[in-house]
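Subject: Structure for your bench work

Dear colleague,

I am passing on the structure we spoke about, with the sequence alongside. Please open both before reading on, since my notes follow the chain residue by residue in places.

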Amino acid sequence: MARRRLLSAVLSIVFLGLASMTLSVSQANEASAQTERRKIVVISDLHFGLGKTALNSWDPREDFRWSKALSGFLDFISNVGGGKVDLVIAGDLLEMWQPPDDVRCDGTDDATCSVSQVLRIVRHIVAQHKSDLKLLGEFAKRGDNRLIIIPGNHDAALMVPKIWKEVAKSLGAASGRVTLVKRGTWSSLDKQVVIEHGHQIGADVNSFSGWPTITTPKKGTQYLQSPWGERFVQKLFNAEERSYPIIDNLSPESYGARLRLSDRGLWHSIGDLARFIAFNLFETTIAQKVQSLGSDAKASESCSQQEAQAMGYRLFSSALPPGDPFKAQLEGNSEDARALQKRLDELTKVLSVEELAQICRQGGGTQELGALLESTFVPRQDVLRVHAQLRRKRFENMKMFVYAHTHQSEPAWDLQLALGDSVSILNTGAFQRLVGERGYRKRLTEMKIDEAADGLSKIPLEALAPCYSFVEVAAGNGLTKPTAETRLWKMAESEVSGMVVASDDPACQ
């Protein structure tokens, strides 16, 4: 499954920055929808990729094997929405970070594949997922449905016209019902709902420095820019996924990474290991729960930028739980440990005040999480607040912000921007089969697998619950505020129909 994802999320789960925005509905559609209240459904991270091998078996790196579930879901939302649904795919529809074996990119670290090489990758994906793309296109042709595609970090190349043209043909974009959001951010017609993938939030390691410009010339040839996160995934995880297909299906994704990556021998550099430790901490934060009904609850006290920088590598060490394999490596006295400590010392000098505070809240042994009763996710309030305030400058009427990218769904919570002013925040999760640590360990027991890490190779992707997350938005009408809910579509490939269940349904663990 595209490990692209794994670190995409693992690595970037917290570092978040800004993407330009655009209103991406055609003028004709815009005019016809001005007087109606439409349903908005948001999915993301399908990661259509390499498909099947010449022997007609799934390539172990292929994430999306769920055509019947997708078909059932599209039928359901079209019927419920009365054929007036805006289906927004909030990034990473396609998996372009895993080239087929016959494509060898010849670029440099910061620009790996040329446009012509990515075009070959896209043609392979389109051929392998022809039926899935056709399903999406047919959905857009029903009634007055529309399909809106936002590029993510794994399929940013869609913004290159000749690459989008290949995909648009398979989607039937000539119908006028399919829209590509060329600058990365979409809003509802009343500007109350704003949606983007999320890789441009903050200092995300998967962000593009010149977004939405994603190409760069090299000796007369156009290459796609390669963020650090992509290069990390290419070097480390693409090979790993051949043997460990579900490594990036664990939630949080850092759990799967930690099961496999505590081995120092797998890391290409101390710098990579240092970055991963930081990103692992950010991901842990989003999954952590506290006994509170307030989204701004803090697990422990924060610290100032000066205090955090003075702690250096100890800031990270104190935030890692006892027994964590990375904590043991970091607190050692070997040459590698000292080099790692130095790199993390340096990292504290470049992280933002908000990011340092985020790690600080997890450390120092001051966390008291209570009984974990009725609880809410501790979100990255500070980083998201900065991002939401920037978005608000463009979309003054924004009442709701939906993003994806992390593969971890989040129910709606209110982010306070100023006194009396708030924005609802939701995360779509991924339209993929995922499993949490509890569900993973349950499968280890059922399959009689002794070592936790062994499950990465012995538990098949098909053994994970057939549940796929999405966000359903009841849009406002300019006067009323939009409402939204994060839910799951549950449908096995052997079934003829599915159902919508709550995001915490036990059957989906």
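Below I go through the disulfides, then one helix and the residue before it, and lastly some strand pairings. Please bear in mind throughout that this is a predicted model.

The structure holds 2 disulfides. In one of them, Cys 105 and Cys 113 are joined with their sulfur atoms 1.9 Å apart, and because the torsion about their S-S bond is about 90°, this disulfide is right-handed. Its two ends are not equally covered: Cys 105, at 24% relative accessibility, counts as partly exposed, whereas Cys 113, at 9%, counts as buried. In the other, the sulfur atoms of Cys 467 and Cys 508 lie 2.1 Å apart, and the link is left-handed, with -70° about the S-S bond. This pair ties together distant parts of the chain, since Cys 467 belongs to strand 16 and Cys 508 to the segment after strand 18, 41 residues apart. Both Cys 467 and Cys 508 are buried.

Turning to helix 5 (130–141), this element has 12 residues and spans 17 Å from its first C-alpha to its last, close to the 16 Å expected at 1.5 Å a residue. Its buried residues are Asp 132, Leu 133, Leu 135, Leu 136, Gly 137, Phe 139 and Ala 140, and among the elements that cover them are helix 3 (67–80), helix 4, helix 6 (161–171) and strand 2 (85–90). Just after the helix, Gly 143 adopts a positive phi of about 50°. In the loop between helix 4 and helix 5 sits His 129, which counts as buried because its relative accessibility is 1%. Leaving aside residues up to four places away in sequence, His 129 touches Phe 48, Gly 49, Gly 51, Glu 62 and Phe 64.

As for the strands, strand 16 (residues 467–474) and strand 17 (residues 483–490) run antiparallel and are joined by 8 bridges, with Ala 474 partnered by Thr 483. Strand 17 is also joined to strand 18 (residues 499–502), again antiparallel, through 4 bridges, and here Lys 490 has Met 499 as its bridge partner. Elsewhere, strand 7 (residues 215–218) pairs with strand 8 (residues 221–224) in the antiparallel sense over 4 bridges, and Lys 218 stands opposite Thr 221. These two strands form a hairpin with 2 residues between them, and Lys 219 in the turn has a positive phi of about 50°.

With best wishes

Technical notes. Residues numbered from 1 in each chain as written. Predicted model: local features only at pLDDT ≥ 70, side-chain atom pairs only at ≥ 80, totals over all residues. Heavy atoms only, no water. Buried < 20%, exposed > 50% of the residue type's maximum accessible area, 1.4 Å probe, protein only. Contact = heavy atoms within 4.5 Å. Pairing = 2+ DSSP bridges. Expected span 1.5 Å × (residues − 1). Disulfide = S-S within 2.5 Å.
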